[in-house]
Amino acid sequence: MIDYSSALSEKAVGIKPSGIRKFFDLAAEMDDVISLSIGEPDFKTPWHIREAGIDSLKKGRTWYTANAGLMELREETTKYLKRKFNIEYDPKKEIFITVGGSEAIDLAIRALIEPGDDMLLPIPSFVCYEPICRLAGGNVITIETKQEDDFRLTAEQLRAAITPKTKLLVLPFPNNPTGGVMRREHLEEIADVLRNTNIMVLSDEIYAELTYGKERHVSFAEIDGMWERTIVVNGFSKAYAMTGWRLGYAAGPAPIISQMLKIHQYAIMSSPTTSQYAAVAAMRDCDEEILEMKNQYDIRRKFLVEAFNRIGLDCFTPEGAFYVFPCIKSTGLSSEEFCEKLLKSKKVAVIPGNAFGSSGEGYVRVSYSYSLDHLMEAVKRIEEFIKEIKEG
């Protein structure tokens with residue numbers, strides 16, 4: 001009889017399951033549930049992209065690509081980054097294609113973090129950064145962003161969090177779950193704190209295209225003097241509605257990228273070939289489709305913010321991604337209690353804010369990557385739920 005408790009890695013056992021998946025799985029077992037839990041676009045992948053993938057299969061392009069990905073895709077990606085954000089990379093040495101943005105995050109952290117190193121993580125934030133760092137033997141120092149600061153990381157907070165062992169700062173903006181963004185002036189303040197340090201930056205920009213308002217998304221690598229210390233992570237899942245294609249990329253200085261690529265070679269070998277050919281079309285020809293999807297998300301964003309504020313749940317106006325993060329403290333329930341009771345009584349699934357870090361307690365994440373009809377019905381049920389709580 002095998003003693004699995006002694007066979008398993010303590011680090012693996014110590015990792016908690018994702019709080020996002022818990023409620024998604026619960027909702028999946030119930031009938032007539034409106035699930036606003038997963039950040040997955042309800043749009044189909046634009047036909048032009050699908051057609052390119054189909055064409056690659058028809059032509060029998062089913063072999064491995066280079067470990068770093070198709071050169072054609074790397075070249076299109078560098079053109080995209082120059083066109084959109086005015087940052088330049090050598091497609092041969094400073095960029096490579098990964099299995100989703102998630103793999104790029106994993107590789108960046110593993111290539112940089114050694115046992116005992118500190119990684120700074122603004123929270124609330126997506127669930128993957130902390131466990132990956134802990135698996136690498138690093139320590140995670142969380143920095144609690146606040147609603148009064150529009151959920152942005154401030155220079156003062158960063159300065160206070162830096163330790164002699166700080167190796168890496170994660171900048172997860174536009175942010176999941178809050179929808180907070182860092183505008184150029186805020187990034188410049190962060191850059192001023194980092195200039196005389198050796199701290200690297202992992203800039204997760206998967207929601208870059210979903211930045212609302214007149215100002216475009218600004219990459220941290222654009223800020224004067226920051227290119228050399230920044231690994232930019234992005235991908236195709238969110239903006240291009242390509243979640244199932246599992247494709248992302250990392251861009252940064254060659255000495256860092258070369259080490260990330262080495263891990264990728266052994267762990268993955270190369271990203272899906274069909275997806276890469278489809279992504280070439282996405283980068284080259286789909287700016288209009290991205291804009292149309294963004295406009296639809298913007299309509300949904302405005303609807304939900306107004307709706308939650310109207311029914312008495314104070315809701316910050318997000319400036320990026322496709323989530324709202326209403327405060328539910330007025331109900332007297334914890335985040336988990338709110339989500340569990342809402343799911344059981346009204347069959348609406350949202351995610352407790354504490355799934356994204358301790359500072360998310362008192363909030364819930366609601367995704368608006370769903371149709372307006374779904375959102376309207378969900379709001380109706382949530383409003384009924386709030387009234388029932390108040391009536392006791």
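Where is Pro124 found? Pro124 sits in the loop between β3 (118-123) and α7 (129-135). The views below come from a predicted model.

**View 1. Two cis peptide bonds precede prolines in loops.** Ile123 and Pro124 are joined by a cis peptide bond, with omega about 0°. That proline belongs to the β3-α7 loop. A cis bond also runs from Phe173 to Pro174, where omega is near -10°. Pro174 is placed in the loop between β5 and α9. For context, most peptide bonds are trans.

**View 2. Strand β6 is a buried strand with parallel neighbours β5 and β7.** Five of the five residues of β6 (residues 200-204) are buried, so the rest of the structure largely encloses this strand. Met200, Leu202 and Asp204 point one way from β6. Val201 and Ser203 point the other way. β6 pairs in the parallel sense with β5 (residues 166-171) over four bridges. Here Leu168 has Met200 as its bridge partner. Four bridges also join β6 to β7 (residues 230-235), again in parallel. On this side, Val201 has Thr230 as its bridge partner.

**View 3. Helix α9 links β5 and β6 in a β-α-β unit.** The helix spans residues 184-194. The unit made by β5, α9 and β6 is right-handed.

**View 4. Helices α12 and α14 pack roughly parallel to each other.** α12 covers residues 287-310 and α14 residues 372-391. Their axes lie 11 Å apart, at an angle of about 10°. Angles under 35 degrees count as roughly parallel, so this pair qualifies. From α12, the contact residues include Ile299, Phe303, Leu304 and Phe308. From α14, they include Leu372, Leu375, Met376 and Val379. The contact comprises ten nonpolar, no polar and three charged residues. The charged ones are Arg300 and Arg310 of α12 and Glu383 of α14.

**View 5. Three strands form an open antiparallel sheet.** The order is β9-β12-β11. β9 (323-324) and β11 (351-352) stand at the edges with a single partner strand each, so one side of each has no neighbour in the sheet. β11 pairs with β12 (residues 364-367) over two bridges. Pro352 has Val364 of β12 as its bridge partner.

**View 6. Asn86 and Arg246 have positive phi without being glycines.** Most residues other than glycine have a negative phi. For Asn86, phi is about 60°. Asn86 lies in the loop between α5 (71-85) and β2 (95-98). With a relative accessibility of 51%, Asn86 counts as exposed. For Arg246, phi is about 50°. Arg246 lies in the loop between β7 and β8 (248-251). Its relative accessible area is 31%, and Arg246 is partly exposed.

Key: Residues numbered from 1 in each chain as written. Predicted model: local features only at pLDDT ≥ 70, side-chain atom pairs only at ≥ 80, totals over all residues. Heavy atoms only, no water. Buried < 20%, exposed > 50% of the residue type's maximum accessible area, 1.4 Å probe, protein only. Pairing = 2+ DSSP bridges. Right-handed = clockwise from strand over helix to strand, strands pointing away. Axes fitted to C-alpha atoms, helices over the stretch in contact; angles between N-to-C directions. Parallel < 35°, antiparallel > 145°, perpendicular 65-115°, else oblique. Contact = heavy atoms within 4.5 Å.
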